[in-house]
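User: I should like to understand how the terms applied to this model are justified. Please set each value against its definition.

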Protein chains: 2
Amino acid sequence: MGRGRAAGYDEQRETILARAAELFAQRGYSATTMNQVAEACGLSKPALYHYYKDKYALLVSIADTHVSRLETLVQGVLARKAAPRAQMRALVEGLVGEYAFAQHAHRVLTEEVKFLEPGDQQRILEKERAIVSGFAKVVTAIRPDLLATPMGKPLTMLLFGMINWMFTWMRPDGELGYEDMGPMVADLFLNGLSRVAVPKAKKEMPH
Amino acid sequence: MGRGRAAGYDEQRETILARAAELFAQRGYSATTMNQVAEACGLSKPALYHYYKDKYALLVSIADTHVSRLETLVQGVLARKAAPRAQMRALVEGLVGEYAFAQHAHRVLTEEVKFLEPGDQQRILEKERAIVSGFAKVVTAIRPDLLATPMGKPLTMLLFGMINWMFTWMRPDGELGYEDMGPMVADLFLNGLSRVAVPKAKKEMPH
DNA sequence: CCTACCGATCGGTAGG
DNA sequence: CCTACCGATCGGTAGG
């Protein structure tokens, strides 16, 4: 593709996005300068602006690309009908793998959403909600009794906490790699979930 | 106490710290302006600078105060000798309670550490490591067989993930409050931890 | 002399 | 694709 565009235009855009994601993840969106992005890409600042309209376009593109990949992954797992516990393992391992593949983009997605303008933020949070819903559906398939409680979503979010937090403390040279973590997380969560107590007489909301 | 200082000086400093923590948590350290901090405190900017040397002093003070409270809490629980599982419940519920009490400071501690200068960052990460160590000690007291594996610290960090991530999704008007979450997290983790599989023939590092 | 503050403006640097 | 800049806004401080 690229009639009218130099060969390598799209590749260059992807490279820029990856470098920008790394810088945004390390220093934060608002503390990263476009000079730093340009330098990391081996480009002059005007050259950088040839590929992306402005700094904000980089942020939106990183978040959009990543959250869409995650959503596709979740829909794919749910489409393959399987036992709930097997689906949960597939979801957890798939998500950990996706994050390992794009850990900088993932940290940007989780920590820099606050810099998105309302419209973009809403669109991306919508996709995040779809991802969480997919997980929550499997959680309540494993523990149908939780449907009568307000615990389904909180338990699902605890699972996301384990996974999302991994990328703040794991080091690539650590003893365990991402491929070890997926099963460990699934194990811990599934074993815990099976036995979580349902509080009796959980307060019904008055309205 | 205030020989030479006006009455209310220390109270004013605490108020400023709380307001700054809220702004830093919402907008990020580097995107928050000293004008915004001053305005949130009902002070002029020069008045604000009367209480804190500069913007950076606010960040260090927020992080230091909060991490020290957490460390004190953990040491206190460990000092009261009790059964490991009871200690774990006390740690989790204590930590969740501390976070609920200072959720803005907590988000600053977890998300804005990157803006600390190397010396300050090291001192604070040291305290964080002490906190994690306290938890890890109880984890291996519950599952002594994990001492022979590299899983003790990762499992502990999964627990921190559940707790730290709570503050990104819980809403004060949600169906469940922080007082409900502590027991739920402890339940999920303890039930899961008891049954986490130890992979056989875990790779020994060659050096 | 002190503190607690205000209106105005400084030197530097950001995105573009 | 570069040097050279701009409009604006930042953190921090002067005099009073």
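User: How many salt bridges are there between chain B and chain A, and what makes a pair a salt bridge?

Analyst: The count between chain B and chain A is three. A salt bridge is a side-chain nitrogen of Lys or Arg within 4 Å of a carboxyl oxygen of Asp or Glu. One such pair is B:Lys114 with A:Glu112, whose closest N and O atoms are 4.0 Å apart. This is a predicted model, in which local features need pLDDT of at least 70 and side-chain atom pairs count only at pLDDT 80 or more, while totals for chains, interfaces and linings use all residues; side-chain values use heavy atoms, with hydrogens and water left out. Residues are numbered from 1 along each chain as its sequence is written, and chains are lettered from A in the order in which they are written.

User: Which helices of chain B supply at least two residues each to the side that touches chain A?

Analyst: They are H1 (9–27), H6 (103–111), H8 (152–169) and H9 (178–195). A helix here is a DSSP run of H or I with at least four residues, numbered from the N terminus.

User: How many residues are in contact across the interface, and what area is buried?

Analyst: Contact means heavy atoms within 4.5 Å; by that rule, 41 residues of chain B are in contact with 42 residues of chain A. The buried area, which is the accessible area (1.4 Å probe) that two parts lose on being put together, summed over both, is about 3,700 Å², and carbon and sulfur atoms give 71% of that area. B:Leu158, B:Trp165 and B:Leu188 supply 19% of what chain B buries against chain A, more than any other three residues.

User: Why is the relation between chain B and chain A called a two-fold axis?

Analyst: Two copies of a chain are related by a rotation about an axis and a shift along it. Here a turn of 180° and a shift of 0.0 Å along the axis lay chain B on chain A with an RMSD of 0.1 Å, and that is the relation of a two-fold axis. The superposition is by least squares on the C-alpha atoms of residues with pLDDT of at least 70 in both copies. In chain B, the C-alpha of B:Gly192 is nearest the axis, 1.9 Å from it.

User: How do you know that the copies meet through the same surface?

Analyst: Of the interface residues of chain B, 100% are also interface residues in chain A, so the copies meet through the same surface.

User: Is B:Pro84 buried, partly exposed or exposed, and why?

Analyst: Buried means under 20% relative accessible area, exposed over 50%, and partly exposed in between (1.4 Å probe, protein chains only). B:Pro84 has 29%, so B:Pro84 is partly exposed.
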